[in-house]
Each structure stands twice: as structure tokens, then as C-alpha cells.
Amino acid sequence: MAHGSEALPLQAERGGPLRGRVRVPGDKSISHRSLILGLLSVGETRVTGLLEGEDVLRTADAARALGATVEHLGPGEWRVRGMGIGTLLEPRGTLDFGNAGTGSRLMMGVVGGHPIRATFDGDASLRKRPMGRILDPLKRMGVTVIDVAEGNRLPLTLQGARDSIPIEYTTPVASAQIKSAVLFAGLNAPGETIVIEPEASRDHTEKMLAYFGAEIRSEPAGTHGRRITLKGRPELSPRPIVVPADPSSAAFPIVAALIVPGSDVIIESVMMNPLRTGLLTTLLEMGASIEELDSRVEGGERVADLRIRHSPLRGVDVPAERAPSMIDEYPVLAVAAAFASGETRMRGLQELRVKESDRLAAVADGLAANGVAHQIVGDDLIVSGSGRAAPGGGLVATHMDHRIAMSFLIMGLASDKAVGVDDTSFIATSFPDFVPMMTRLGGALR
Ligand code: S3P
């Protein structure tokens, strides 16, 4: 469990329409990176709107262990004092990242670029996740893997490079975590570190490094890819960071409003970075009523207030190349698809097998438990919606996965029978306020 405590089961049932105006927490990807950039720049970085979820708090602890002063000034307000690239301290204890894949993998890159030794560990979910994808490029950059659990899993101990080697690396999968680990390690390498990705993944690391003064450029490569070039050994200068609301968290109230009859909800200041909006594209194709009310720029990202109204949905074909821009949103898209008329085919979901849980299996089991017809064909998930409410009535195993828990609670808000989840404690990793917020909108969660 997120706190090492008891499982917290919960049930969601159908009630009246969802109504109101809410703001979801700060973006998880940008929150992790804010703390890391604060650690790597000289002086004081102020962060507003930081996500205070378990995952990000683990990254804050790791930044402290590596020598930063990290202070919580008030709700969402944080101050990080760093000492700059090349100055990190060797941590005394194990860096425990809990459930957080992003925090652990990005920090492996940070540590890998410094001549220090650190042990990385996490909870039972994180210990199952593949780390070879990060270790492979880091080894080429001069990192030594001192110790690692079988199958390139946590716990593992790295000895960072004394003189990092700048490399050109083509990522084997579209993963912002791999790209970011290489770029962070490349910060302390002389010369240019180049990452080529076959499909563009979220670009927060590149944008934030540029904002902090690094020389970094990103060019198109191939049909959907990018080539990113970073000049090593920049002096990063602290800049204030405003964290926009997380589109991956907004996904839950968005789908809830679409499937609960009579709903009309506004979600404020949602980040509209095009590498994160694949779910919105897909829902619009399905016939969703989603209106952008006030498009503006905040903290270097376009944000908008979104008005979502209950909508009849129809099944669509979601192309594999859209996956990087909505990789965390498939569980809740599968819920929307269960209420749509006709088949929704989500293609190319192989990466879902290595998230906080095997999400392809967890989603399929959850759909089965709630009477929703579906099929896995290769790496595709096909959900056959009936165009009316899902039967529900199931108890869903969440497998230490926040997004599985939230997705099936959303399903329960509109199903014929209530939907239960076995453990909601991991929701605190990314969306601590999820249950009270959905309750405020009118959801029946108990
Ligand atoms: C993230 C990248 C994605 C995503 C994760 C956050 C990031 O993982 O699933 O929740 O902040 O870089 P991959 O890069 O492995 O696809």
C-alpha cells in the first residue's frame, strides 16, 4: 500500500448528474522534473502548483538525499535550493521511490551523470517493472551497475560516471522516461548527447531544460519521431515554475461527466500540450461534448478550461501512433468505450503491460468483472459497448495501480449496479483529492 497501511476498498454507484467546477492537481510529469531541475541548478527554484502526491514526495526526498534543500512553503508552494550539475552528494541511505516509475527512472539518469553511488528501490509494483531500458543507455554513458535484482529489476545500485560519455541513442520504445534519463545523464557529459525517438513522447524535459538555460534543440525525425540534441555542462539557472493541471488526472472527471446522464462539469486550467491530449482527440471522435472555454498560456504550456457535458458516445479505432500522447489514459478510455455504441479498438498497447500493473490484463479483468464484452487481440484491446450503461456489479482488483482504481470507480458512477475496487490507497500517488473531488461533483463513492 502507498503508506504501508491496510487496503482501502471503496464502491461507486449511480446517482444524480455530476455538476460543478473543479481543478485537478498539478501535472505529475512536470512536478517530478521541477524538483530535479531545482536540484541541478544553482540557487533557488520556486514551484507553484506542485502535485503533492506520494510519487512526487518520493522525488523530493531523493533530491534532499542528493544534496538539495527542499521546503514546503504552503499548499502547492515549494522552494528547492540546488548546488548545480556536478555537485551532487552521495546519498547515505537507499533512495526509495515507492510506486513511482518516473521518479526512479529520471533520478537514475541524474545519478548516472555524477561520480556517486546510489541504491534505488521501490514497492512491490515498482520492483516488477523493467529497468534494463534505462540501464542500457546509462551503461554506454559510463555508468556501472554494481548490483541489480534478477531481470534488471529493483533494488539496484549504480555507480555514476566520473567522466560521462556523450552518446547518440535511439530509444527502443517511445518513452519519455528513457529519453529523460539519457538527457539528465548527458547534462554532465562533455559534448552533445543525442536522443532519437521513433515516436515523439512527452517533451517536458526538453522544454524545462531550455527554460532553465540549457542549449537543447528538438527536430522532427522520420514520420512521427524526434531528434533531440543537448549540449553538456550548461549552467542551469533557477526559474519560477507554475505547474499546470494534469491532463492525465483530468481524464477521470472528463469521462465521468461524459457517461453520467445529465452531467455538466468544468475542469479548470487543464494542460493542452499536444503530446498529452490523445484522449481528448479520441473522445471528440467518439462524439463527446468537450468545449475549450478559455485557452491561454500558463507556465510555458497552453492550458484551457474544459466544459464537458454528458454525451452519447460511439466506438472508434484508436491508431497505435496516438499511444504516446495518451499512454496513461487507456484504462479510463476503456471505461468510456464500455458505454459507447459499437466497438472501440485501441491499437498497439504493449507498453501497458509494464506500467504500475499489467494494465492490459487489469483492464480486461475489470471489464469482465463488470459484464463488459471485450477481447485482447495481440497488443490491441477491443471493447464492445452496448450504447447504454455497463452492467457493473463487479469487484475490481487494482494491483497497486492508482489509475485502475480511479477508472473503475468512474465506471461505477454510471453502471446499472455498483462497482467496487479492492484498494484505493494508491490513488494518493497521483490524485490525493480524487474521492472528495468526485464526491463534490455529486458522485456516490462509499
Ligand atoms: C512519464 C512517461 C510515461 C508515463 C508516465 C510518466 C514521464 O512513461 O506513462 O506516467 O513523466 O516521463 P513512459 O515514458 O515509460 O511511456
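In which loop does Met-400 lie? In this predicted model, Met-400 is placed in the loop between β23 (395-396) and α11 (402-412). The backbone of Met-400 has a phi near 60°, a positive value in a residue other than glycine. With a relative accessible area of 21%, Met-400 is partly exposed, because the buried class is confined to values under 20%.

A positive phi also occurs at Ser-269, where the angle is about 55° although the residue is not a glycine. Ser-269 belongs to strand β15, which covers residues 264-271, and its relative accessible area of 4% makes it buried. Just after helix α4, Gly-142 likewise takes a positive phi, of about 110°. A further backbone feature is found between Leu-154 and Pro-155, where the peptide bond is cis and omega is near -5°; Pro-155 is itself part of strand β9.

The surroundings of the ligand may be described next. The ligand sits in the largest pocket, and the elements that contribute two or more residues to the shell around the ligand are α1 (28-40) and α5 (176-186). The residues that surround the ligand are Ser-29, Arg-33, Thr-102, Ser-175, Ala-176, Gln-177, Arg-202, Ile-327, Asp-328 and Lys-355. Three short distances between polar atoms are found here, each of them involving an oxygen atom of the ligand. An oxygen atom of the ligand lies 2.7 Å from an N or O atom in the side chain of Ser-29, whereas the partner atoms in the other two cases are polar backbone atoms, at 2.8 Å in Ala-176 and at 2.9 Å in Gln-177. Taken alone, the ligand exposes 390 Å², and the protein buries 95% of that area.

Helix α3, which spans residues 101-112, includes Leu-106. Leu-106 has a relative accessible area of 0% and is therefore buried. Leaving aside residues up to four places away in sequence, Leu-106 touches Arg-33, Ile-36, Gln-177, Ser-180 and Phe-184. Among these partners, Arg-33 and Gln-177 also belong to the residues that surround the ligand. The C-alpha atom of Leu-106 is separated by 27 Å from that of Leu-333, a residue 227 positions away along the chain.

Ser-104 is likewise placed in helix α3, and its relative accessibility of 0% means that this residue also counts as buried. The side chain of Ser-104 reaches the backbone oxygen of Gly-101 at 2.9 Å. Beyond residues up to four places away in sequence, the contacts of Ser-104 are with Phe-97, Phe-120, Leu-126 and Met-131.

Helix α4 comprises residues 132-140, and within this helix Gly-132, Arg-133, Ile-134, Leu-135, Pro-137 and Leu-138 are buried. The cover over the buried residues of α4 includes the helices α3 and α5, together with the strands β8 (144-149), β9 (153-159) and β10 (168-170).

Strand β9, one of the elements that cover α4, contains Thr-157. At a relative accessible area of 12%, Thr-157 is buried, and its side chain makes a polar contact of 2.9 Å with the side chain of Thr-119. When residues up to four places away in sequence are not counted, Thr-157 touches Arg-117, Ala-118 and Thr-119, as well as Thr-144, Val-145, Ile-146 and Asp-147.

Helix α2, formed by residues 54-65, holds Arg-64. In contrast to the buried residues described above, Arg-64 is partly exposed, with a relative accessible area of 34%. Contacts of Arg-64, again without residues up to four places away in sequence, are made with Val-70 and Trp-78. Between Arg-64 and Leu-89 the C-alpha to C-alpha distance is 9.5 Å in space, while the two residues are 25 residues apart in sequence.

Conventions. Residues numbered from 1 in each chain as written. Predicted model: local features only at pLDDT ≥ 70, side-chain atom pairs only at ≥ 80, totals over all residues. Heavy atoms only, no water. Helix = DSSP H or I, 4+ residues; strand = E, 2+ residues; numbered from the N terminus. Buried < 20%, exposed > 50% of the residue type's maximum accessible area, 1.4 Å probe, protein only. Contact = heavy atoms within 4.5 Å. Near = heavy atom within 4 Å. Polar contact = N/O pair within 3.5 Å; in protein donor to acceptor, adjacent residues only side chain to side chain. Areas by Shrake-Rupley, 256 points an atom, 1.4 Å probe, with all protein chains shown as cover. 1 Å grid on protein atoms, 1.4 Å probe; cavity = no way out; pocket = protein on both sides within 12 Å on 5 of 7 lines; lining within 4 Å. Sits in = over half its atoms within 2 Å of the grid points.
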